[in-house]
Amino acid sequence: MTNYVTKFGSLDDFEKGSIEIIDDDPKHYAFSNIFEVANASRPWEKVAVGKNMDYVVEVIRAEGTSEWRTAAHDEFPLVLDGEVTIELVKLDEPAVPADKNGSVAIGGDPVGRPMGRVVCRRGHMALLPANAAYRMRAERPSVVILQTTLGDDTIERWAEICLS
């Protein structure tokens with residue numbers, strides 16, 4: 001029987017990954033090390049590391065306090081390292097059109113009813129509801145992957161992060 005070992009990294013301890021291609025063209029695959037991407041990113045940058053049509057998985061280096069953001073669709077953050085507190089506000093009026101992709105920054109404080117906060121640690125996932133405002137806070141550098149749609153603030157650095 002073959003033994004397999006699953007390794008899970010962190011910002012403090014990660015190793016660049018590799019893949020095994022099985023009888024296929026390597027150009028069909030795009031892999032990156034999320035901790036390496038987060039380590040090289042500025043706080044709160046939204047760097048795409050996976051893409052499927054309009055949908056993306058973004059890596060975010062969570063450090064300090066983010067700006068307030070909102071999206072016309074649900075988003076799903078998953079904390080992979082550290083601890084991130086997410087504050088939520090149900091906006092009185094949607095701040096973006098219903099067909100707007102990705103999240104957008106809200107200038108100033110959001111107007112609406114506080115919905116509470118979620119404290120996410122490594123392995124915890126949360127829901128950022130459509131048309132709610134949110135901001136994140138991390139006391140020390142942490143890593144979040146965010147499932148969302150490709151938006152204006154999504155940074156695509158495929159040439160820098162893809163293995164060849």
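**A tour of the chain and its two cores**

Start with the whole chain in cartoon view: there are two helices and nine strands, taken as DSSP runs (H or I, at least four residues, for helices; E, at least two, for strands) and numbered from the N terminus. This is a predicted model, in which local features need pLDDT of at least 70 and side-chain atom pairs count only at pLDDT 80 or more, while totals for chains, interfaces and linings use all residues. Residues are numbered from 1 along each chain as its sequence is written, and side-chain values use heavy atoms, with hydrogens and water left out.

Now trace the chain from its N terminus; the order you will follow is α-β-β-β-β-β-β-β-β-β-α.

Next, switch on the surface. The accessible area (Shrake-Rupley, 1.4 Å probe) is about 9,900 Å², and carbon and sulfur atoms hold 50% of it. Of the 164 residues, 40% are buried, meaning under 20% relative accessible area (1.4 Å probe, protein chains only).

Then select A62, V84, I86, L128, Y134, M136 and V144. Within the 15-residue largest nonpolar core, these touch the most other members. Such a core is a set of buried Ala, Val, Leu, Ile, Met, Phe, Trp, Tyr and Cys residues joined through side-chain atoms within 4.5 Å. Strand 2 (55-65), strand 5 (83-91) and strand 8 (132-149) each provide at least two of its residues, and strand 8 gives the most, with five.

Zoom in on V84. Leaving aside residues up to four places away in sequence, its contacts (heavy atoms within 4.5 Å) include A62, V118, M136 and V144.

Finally, pick I34, F35, I145 and I161, which are among the twelve residues of a second, separate core.

Terms used: Buried < 20%, exposed > 50% of the residue type's maximum accessible area, 1.4 Å probe, protein only.
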